[in-house]
Amino acid sequence: MPICQRCGLTVLDSPESGWKPFRAVRSIDRDPEVAVFIVQCSESMIVREIRAACLEKFGSGRTPSQTAIYRYQAARARSANPGASQQIPG
């Protein structure tokens with residue numbers, strides 16, 4: 001395995017190490033029905049209202065937190081318009 005020239009430690013994220021960076025999959029991405037519902041509601045509701053609607057429709061087991069909904073909206077906004085920074089109301 002490669003060794004870092006500055007600190008002398010093993011470099012883990014190299015092709016030789018077999019280690020790959022971990023990217024967590026959002027709970028919203030694992031539930032397409034909830035994801036579509038959130039996108040539809042985002043046009044006319046704030047995050048608090050979206051969460052309340054999700055609770056009513058899907059129950060507490062499938063409803064993401066307000067933070068998860070906000071982050072999901074922000075990620076969608078970034079991917080839709082990567083050059084611009086957008087504020088998500090909520």
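**Exercise 1. Overall make-up**

What percentage of the 90 residues of the protein count as buried? Give also the secondary structure content and its order along the sequence.

Solution. The model is a predicted one.
- Step 1: of the 90 residues, 24% count as buried.
- Step 2: the secondary structure consists of three helices and zero strands.
- Step 3: along the sequence this reads as α-α-α.
- Step 4: among contacts with a separation of 6 or more, 36% join residues 24 or more positions apart.

**Exercise 2. The two sides of helix 1**

Determine which residues of helix 1 (residues 32–42) are buried and how they are placed around the axis.

Solution.
- Step 1: the buried residues in helix 1 are V34, A35, F37, I38 and C41.
- Step 2: these residues span an arc of only 165° around the axis, so they sit on the same side of helix 1.
- Step 3: the spacing fits a general rule. An α-helix has 3.6 residues a turn, so residues three or four places apart point the same way.
- Step 4: P32 and Q40, on the other side of helix 1, are exposed.
- Step 5: the cover over the buried residues of helix 1 includes helix 2 and helix 3.

**Exercise 3. Packing of helix 1 and helix 3**

Describe how helix 1 packs with helix 3, and list the residues that make the contact.

Solution.
- Step 1: two packed helices are described by the angle between their axes and the distance between the axes.
- Step 2: for helix 1 and helix 3 the angle is about 75° and the axes are 11 Å apart.
- Step 3: angles of 65 to 115 degrees count as roughly perpendicular, and helix 1 and helix 3 are therefore roughly perpendicular to each other.
- Step 4: helix 1 contributes A35, I38, V39 and S42 to the contact, while helix 3 contributes I69, Y72, Q73 and R76.
- Step 5: sorted by class, this contact has five nonpolar, two polar and one charged residues.

**Exercise 4. The surroundings of T63**

Locate T63, decide whether T63 is buried or exposed, and find its polar partners.

Solution.
- Step 1: T63 belongs to the loop between helix 2 (47–58) and helix 3 (66–80).
- Step 2: T63 has 10% relative accessibility; buried means under 20%, so T63 counts as buried.
- Step 3: a polar atom of the T63 side chain lies 2.6 Å from the backbone oxygen of G59.
- Step 4: the T63 side chain also reaches the backbone oxygen of C54, at 3.2 Å.
- Step 5: leaving aside residues up to four places away in sequence, T63 touches R51, C54, L55 and F58.

Notes
Residues numbered from 1 in each chain as written. Predicted model: local features only at pLDDT ≥ 70, side-chain atom pairs only at ≥ 80, totals over all residues. Heavy atoms only, no water. Helix = DSSP H or I, 4+ residues; strand = E, 2+ residues; numbered from the N terminus. Buried < 20%, exposed > 50% of the residue type's maximum accessible area, 1.4 Å probe, protein only. Polar contact = N/O pair within 3.5 Å; in protein donor to acceptor, adjacent residues only side chain to side chain. Contact = heavy atoms within 4.5 Å. Arc of directions from axis to C-beta. Axes fitted to C-alpha atoms, helices over the stretch in contact; angles between N-to-C directions. Parallel < 35°, antiparallel > 145°, perpendicular 65-115°, else oblique. Nonpolar A, V, L, I, M, F, W, Y, C, P; charged D, E, K, R; others polar.
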